Amino acid sequence: MKKKVVLAFSGGLDTSFCCIYLSRDRDMEVHSVIVNTGGFSEEELKQIEQRAYALGVTSHAVVDETLNYYESCIKYLIYGNVLKNATYPLSVSAERVSQATAIAKYVNMIGADYVAHGSTGAGNDQVRFDMIFNIMIPGVEIITPIRDLKLSREAEIEYLNKHGVEYTAEKARYSINKGIWGTSVGGKETLTSNQTLPEEAWPTQVTETEECDIELTFEKGELVGIDGQNLSPVKAIQKLQEIAQPYGVGRDIHVGDTIIGIKGRVGFEAAAPMIIIKAHHTLEKHTLTKWQLSWKDQLAAFYGNWLHEGQFHDPIMRNIEAFLSDTQDTVSGKVFVKLNPYRFQIIGIESKHDLMSNKFGSYGEMNNSWSGEDVKGFSKIFGNQTMIWHRVNDNK
């Protein structure tokens, strides 16, 4: 009786190789599963399913994790204004922990003997997938053909062609990963330190050229409306992506430290995530105190780094999420955004929780809450210990 293996499947080069290799070379019963995190249309999912069966899988399943992905992860990235190295909204990092968790649950559901993924030996995903599988399904053996066989993309293409699966180097030129929190793009240019992706490599081409103003409505830190239309947070993200991505905003190349200790570059387009994070942060700067903002920055930086490294299931993450959630009670209001080709600008906010109220004074002009004598006394006391230090030590 053949052993049952669940293969994390995307339909790309690596997982196509895995399908053929596991079924023909390893004589296994392959059950492919794709975890949709909001990046696929129904038509695309159908095409991926057809490809899986054409490659000889025994069964293929689609697990839609979009809503759970938002509720368990993206929401907290917004609360924390998380941008890795002040650049990257963790589009793939966050997606992978959600996918790995869903695949582990699927392995348990169908009672598979093995779980497989198409990660190479040079990236972050191998650690994220392996670690989460070891945490959630510790008795299930992990198979990683691309990593174990140390295969190049050219070797994979040759193998597939040999087994009657047509694949060309041109087709595999760019590796694209789509999700609700952004799309990553990898190619020969991202393997260098001095080249950028050509215009044609970006999945969404720039078609909008006229300036556009949009109004975003937040309720307790969550985006719940666009231009006066009430939407669920997931629908709001998708709607904003439709509006903004054709402007070419949110494109960049992230340079970061991988889990395995080497530097790496990846291109990404993430119009909605970048606009939401910047808009949310602006609203917070108006509605939170300086120490709320300060502690949020510190905890959110740790949260983003730990998530990036696949440590989503560490209980400290739930503790930080509780703190981040608690800070959002007053983060409600409207944020006004202007879109232009290749750039966007946060214009301002309106909120009943705005701490910049002129009832208490106008910065740099006048105040309504204290006198000049009050400030003289406060300034003397506030600097008192530093004054004492200099009086004691400056004569040495």
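**Figure 1. The largest nonpolar core of the predicted model.** This core, seen here in a predicted model, contains 74 residues, and the members touching the most others are Ile103, Trp181, Leu216 and Leu307. Helix H4, which covers residues 91-110, supplies the largest share of the core, with nine residues. A second core of 27 residues is separate from this one, and its members include Leu7, Ala52, Val57 and Tyr114. In soluble globular proteins, nonpolar side chains tend to be buried together.

**Figure 2. The surroundings of Trp181.** Trp181 is among the residues that touch the most other members of the largest nonpolar core. When neighbours within four places in sequence are left aside, the contacts of Trp181 include Tyr69, Ile74, Leu77 and Ile78. Pro89, Leu90 and Ser91 are also in contact with Trp181. Further contacts of Trp181 are made with Ile237, Ala270, Pro273, Ile276 and Ile277.

**Figure 3. The cysteines Cys18 and Cys19.** A disulfide is a covalent bond between the sulfur atoms of two cysteines. Zero disulfides are found in a search of the whole structure. For Cys18, the closest cysteine sulfur belongs to Cys19 and lies 7.4 Å away, which is too far for a bond; the cut-off for a disulfide is 2.5 Å. Cys18 is buried, its relative accessible area being 0%. Cys19 likewise takes part in no disulfide, with the sulfur of Cys18 as its nearest cysteine sulfur at 7.4 Å. Cys19 is buried with a relative accessible area of 1%.

**Figure 4. Val331 in its loop.** The loop that holds Val331 runs between helix H11 (315-326) and strand E13 (333-340). Although placed in a loop, Val331 is buried, with 0% relative accessible area. Neighbours within four places in sequence aside, Val331 is in contact with Phe218, Glu219, Lys220 and Gly221. Val331 also contacts His280, Leu283, Glu284, Thr287 and Leu288. Phe382 is 51 residues from Val331 along the chain, and the C-alpha atoms of these two residues are 30 Å apart.

**Figure 5. Ala86 and Lys150, two residues with positive phi.** Most residues other than glycine have a negative phi. Ala86 has a positive phi, near 60°, and is not a glycine. The place of Ala86 is the loop between helix H3 (66-79) and H4. Its relative accessibility is 67%, so Ala86 counts as exposed. Lys150, also a residue other than glycine, has a positive phi of about 55°. Lys150 lies in the loop joining helix H6 (145-149) and helix H7 (153-162). With a relative accessibility of 77%, Lys150 counts as exposed.

**Figure 6. The setting of the close-up views in the whole protein.** The protein has 396 residues, of which 48% count as buried, and its secondary structure comprises 13 helices and 16 strands. The C-alpha trace spans about 85 × 55 × 45 Å along its principal axes. Of the contacts between residues at least 6 apart in sequence, 71% link residues at least 24 apart. About 20,100 Å² of the protein is exposed, and 52% of this area comes from carbon and sulfur atoms. There are 40 positive and 50 negative side chains, and 4 Å separates the centres of the two sets.

Conventions:
Residues are numbered from 1 along each chain as its sequence is written. This is a predicted model: local features need pLDDT of at least 70, side-chain atom pairs count only at pLDDT 80 or more; totals for chains, interfaces and linings use all residues. Side-chain values use heavy atoms; hydrogens and water are left out. A nonpolar core is a set of buried Ala, Val, Leu, Ile, Met, Phe, Trp, Tyr and Cys residues joined through side-chain atoms within 4.5 Å. Buried means under 20% relative accessible area, exposed over 50%, partly exposed in between (1.4 Å probe, protein chains only). Helices (H or I, at least four residues) and strands (E, at least two) are DSSP runs, numbered from the N terminus. Contact means heavy atoms within 4.5 Å. Accessible areas come from the Shrake-Rupley method with a 1.4 Å probe; for residues, only the protein chains shown count as cover. Lys and Arg count as positive and Asp and Glu as negative; His and the chain ends are not counted. The place of a charge is taken as NZ of Lys, CZ of Arg, CG of Asp or CD of Glu.
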